[in-house]
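Biologist: I'd like to go through this model with you, one spot at a time. Can you pull it up so that we are looking at the same thing?

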Amino acid sequence: MDKKINALINKYTDNELLLDKLVVSSFVRHQNLDVYKGYLAQFVAEEKDGLEQDITLLSSECTLEDVISIFELAIPQAEKTTNGAVYTPKYIRDYIVNHVFSSARKPLAECLCADISCGCGAFLFTLADYIHTKTGESFTAIYRNLYGTDISEISIRRAKILLALVALAHGEAVEENCFNLYKGDSLTFDFWQMPRVKENHGIDVIVGNPPYVRSKHIDPVTKQNLSRWNTSHIGNADLYIPFFEIGNSLLSEIGVLGYITVNTFFKSINARQLRNYLSTGEFSLSIINFGEQLVFKKKLAYTCLVFLTKSSSNSLLYAKADIADVQNGKEMTFCKIEYDALDNHRGWHLNQNDVLQNIRRIETAGEPLGNKYVIKNGIATLANDVFIFRPVRSDSLYYYLIKDGKEYPIEKGICRDIIKPNILKTEEEIPEKEEKIISPYDSEHNLIEENFFLQEYPLAYRYLQTCRKILDARDKGEGDYGAWYAFGRTQAISDNGLKLLFPYMSDFPHFVYMPKKDMLIYCGYAIYNDSEMELLFLKRVLESSVFDYYMKNTSKPYSTGYYSYAKNYVKSFGIYPFSEEQKQHILSIKSKAEIDDYIRKAYKVTI
């Protein structure tokens with residue numbers, strides 16, 4: 001079905017009306033329905049549309065879920081990027097709607113319901129279907145209490161089509177004036193202008209999938225509108241962040257909100273204001289976290305379900321769940337986490353209480369890693385493929401690199417040693433992983449002048465000239481680096497010393513001791529210290545099961561079983577104050593299991 005749908009979407013990508021006619025006509029034929037009046041009449045294909053062949057193809061299998069899928073997939077890619085539209089699976093919608101209505105404190109038929117980023121109407125359909133099933137109310141009556149907004153006019157039209165098809169499938173021909181669906185930006189939309197919302201003192205049920213748009217993809221007008229909300233007026237907020245505040249501001253006093261959203265707000269820097277808003281507001285909050293599991297097909301987003309009411313609470317409820325648990329409607333076992341125990345600035349550690357107790361013990365065992373040792377990022381040329389190479393051969397004067405099938409000699413005097421921690425796991429790998437970097441900086445780490453560069457290192461200069469287009473395109477051509485041949489960022493070019501190297505992410509702790517003081521790094525981190533013994537001791541602590549346990553319960557997970565080792569995640573690990581004698585003992589132990597046992601006992605954690 002997916003291939004068939006994608007082919008049809010591509011065929012009608014430039015004619016939205018024909019696609020809508022194709023979908024409506026295919027659905028009514030598949031369901032043996034007639035459209036003779038109401039809102040849908042304008043979307044029935046005529047002979048002149050030339051759709052008969054494709055209607056026959058699609059109508060062989062065209063359910064309401066297929067309609068939703070087609071409409072969501074048909075959203076232009078540019079709009080998906082800027083508006084964050086994505087199809088939410090039926091089992092997720094069903095779970096959220098069942099959960100929010102289980103908390104409803106007024107008759108279903110009287111509840112005002114909304115999705116304030118409704119897309120093509122999938123959540124609105126699920127709400128309406130649930131209410132109809134439970135109450136027997138007509139869809140015409142249900143739609144009077146159903147509200148939706150979306151920034152896309154195309155999506156709003158298709159939401160109306162979807163809801164009209166739902167009604168038609170139950171024998172009702174609805175008119176357009178039945179719908180409370182509006183094109184609008186929820187960041188600025190005035191929901192209180194609607195008389196029934198005002199009379200009801202808000203909306204009783206709000207559900208949805210807030211738009212996940214990274215800050216870097218947000219247009220200037222939307223960025224300005226983000227500043228209207230307390231949760232997104234500081235820093236580079238992603239678009240989903242203020243939707244918690246917007247939704248909560250619209251809830252009636254007995255209302256309940258249910259979202260599926262990314263779980264990055266637990267820890268991300270740009271969600272600090274959101275965490276502060278939720279905890280200081282002491283809202284009744286329940287979170288079901290999917291961790292590293294992927295709910296959305298072909299979209300690398302790590303998600304959770306969030307339920308919120310205005311009832312005051314000094315704690316939130318948290319559960320880690322498998323996707324299968326939600327698919328099967330399993331009753332979740334929540335643990336209670338006090339808001340006072342959460343750190344809004346550093347990020348929330350959400351887990352079972354015994355795990356949280358272990359984390360507190362580890363973090364308070366001694367001075368934080370980030371305070372006790374210097375942790376630094378690698379260099380950032382913004383064009384690594386140009387500057388960094390592994391020589392195919394060398395002689396007394398030159399290293400030789402091959403690019404695009406051509407060999408270039410590069411003067412040894414302008415090259416420095418460099419290595420990539422992201423691909424390094426042991427000290428034994430260092431010789432084979434070492435590379436060279438063309439470094440147009442002098443011994444004081446100042447950028448060399450162009451005439452000097454050309455005169456002293458003419459071959460390296462000419463090679464970089466062949467890559468000039470790539471270098472000029474960095475930072476979208478707007479970078480000012482001091483010269484076209486300079487690195488994109490000057491960070492780390494002066495870093496020097498003994499160090500432990502570690503990657504941006506890993507499935508298990510790998511800390512590699514680097515004895516070469518002048519070795520540069522890229523794509524990874526280094527911990528610096530003047531003492532070889534201190535670094536080798538630290539290596540054993542950081543490669544222990546205690547550190548592994550800490551990272552797997554505090555850092556950002558990835559679907560591949562890897563975890564983020566970003567400085568922000570590792571820096572709070574407490575370094576137990578081992579004596580010099582204890583350090584020597586740890587270094588003398590040969591067995592990994594014995595080291596783990598010794599360190600685990602020092603930290604007093606049960607893993």
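Modeller: Here it is, and please keep in mind that this is a predicted model. I would start with Thr-222, which lies in helix α11, residues 220-226.

Biologist: Okay, is Thr-222 buried or exposed?

Modeller: Thr-222 is buried, because its relative accessible area is 10% and the cut-off for buried is under 20%.

Biologist: And which residues is Thr-222 in contact with, leaving aside its neighbours within four places in sequence?

Modeller: With those neighbours left out, Thr-222 is in contact with Leu-187 and Leu-239.

Biologist: Let's zoom out for a moment. How many helices and strands are in the chain?

Modeller: The chain has 26 helices and 24 strands, and its C-alpha atoms fill a box of roughly 85 × 60 × 40 Å when taken along the principal axes. Of the 607 residues in the chain, 55% are buried.

Biologist: What about contacts in the chain with a separation of 6 or more: what share comes from residues 24 or more positions apart?

Modeller: Residues 24 or more positions apart account for 71% of those contacts.

Biologist: Aromatics next. How many aromatic pairs does the structure hold?

Modeller: There are 35 aromatic pairs in the structure. One of them is formed by Phe-265 and Trp-348, whose ring centres are 6.3 Å apart and whose planes stand at 70°, so this pair is edge-to-face. The pair links distant parts of the chain, since Phe-265 is in the loop between β5 (251-262) and α13 (272-280) while Trp-348 is in the loop between β9 (335-338) and α15 (353-363), 83 residues apart.

Biologist: Are those two rings on buried or exposed residues?

Modeller: Phe-265 is buried, with a relative accessible area of 0%, and Trp-348 also counts as buried, at 0% relative accessibility.

Biologist: Got another pair for me?

Modeller: Phe-537 and Phe-578 form an edge-to-face pair, with 5.7 Å from centre to centre and 80° between the planes. Phe-537 lies in helix α22 (residues 532-542) and Phe-578 in the loop between β24 (574-575) and α25 (580-588), so this pair ties together parts that are 41 residues apart in sequence. Phe-537 is buried at a relative accessible area of 1%, and Phe-578 counts as buried at 6% relative accessibility.

Biologist: What about charges over rings; where does the charged end of Lys-376 sit?

Modeller: The charged end of Lys-376 sits over the ring of Tyr-528, 5.8 Å from its centre. Arg-393, in turn, lies over the face of Tyr-400, at 3.9 Å from the ring centre.

Biologist: Switching to empty space: how many cavities of 30 Å³ or more turn up in a search of the whole structure?

Modeller: Such a search finds five. The second largest has a volume of about 100 Å³, and the residues that line it are Lys-267, Arg-346, Gly-347, His-349, Tyr-550, Thr-554, Asn-568, Tyr-569 and Ser-572. The elements that give two or more residues to this lining are α23 (545-554) and α24 (567-570).

Biologist: How do the residues of that lining divide into nonpolar, polar and charged?

Modeller: The lining of the second largest cavity has two nonpolar, five polar and two charged residues.

Biologist: You mentioned α13 earlier. Which of its residues are buried?

Modeller: The buried residues of α13 are Leu-274, Arg-275, Tyr-277, Leu-278 and Ser-279, and what covers them includes α12 (242-250), β6 (283-294) and β7 (302-312). Just after α13, Glu-282 takes a positive phi of about 50°.

Biologist: Where else does a residue other than glycine have a positive phi?

Modeller: Asp-404 is one of them, with phi near 55°; this residue lies in the loop between β14 (398-403) and β15 and counts as exposed, at 78% relative accessibility. Asp-475 has a positive phi near 50°, sits in the loop between α21 (468-472) and β18 (499-502), and is partly exposed, with a relative accessible area of 32%.

Biologist: Last one: what does Ile-410 touch, not counting residues up to four places away in sequence?

Modeller: Ile-410, in strand β15 (residues 406-411), is buried with a relative accessible area of 0%. With those residues left out, Ile-410 touches Phe-389, Leu-397, Tyr-398, Tyr-399, Leu-401, Cys-415, Ile-438, Leu-459, Ala-460 and Tyr-463.

Terms used: Residues are numbered from 1 along each chain as its sequence is written. This is a predicted model: local features need pLDDT of at least 70, side-chain atom pairs count only at pLDDT 80 or more; totals for chains, interfaces and linings use all residues. Side-chain values use heavy atoms; hydrogens and water are left out. Rings of Phe, Tyr and Trp (its six-membered ring) pair if their centres lie within 6.5 Å; planes under 30 degrees apart count as stacked, over 60 as edge-to-face and the rest as tilted. Helices (H or I, at least four residues) and strands (E, at least two) are DSSP runs, numbered from the N terminus. Buried means under 20% relative accessible area, exposed over 50%, partly exposed in between (1.4 Å probe, protein chains only). A charge sits over a ring if NZ of Lys or CZ of Arg is within 6 Å of the ring centre and within 35 degrees of the ring normal. On a 1 Å grid over the protein atoms alone, a cavity is a set of points where a 1.4 Å probe fits but cannot get out, and a pocket is an open set with protein on both sides within 12 Å along at least five of seven lines; lining residues have an atom within 4 Å of a point. Grid points are joined across faces, edges and corners, and a volume is the space filled by probe spheres set on the points. Ala, Val, Leu, Ile, Met, Phe, Trp, Tyr, Cys and Pro count as nonpolar, Asp, Glu, Lys and Arg as charged, and the others, Gly among them, as polar. Contact means heavy atoms within 4.5 Å.
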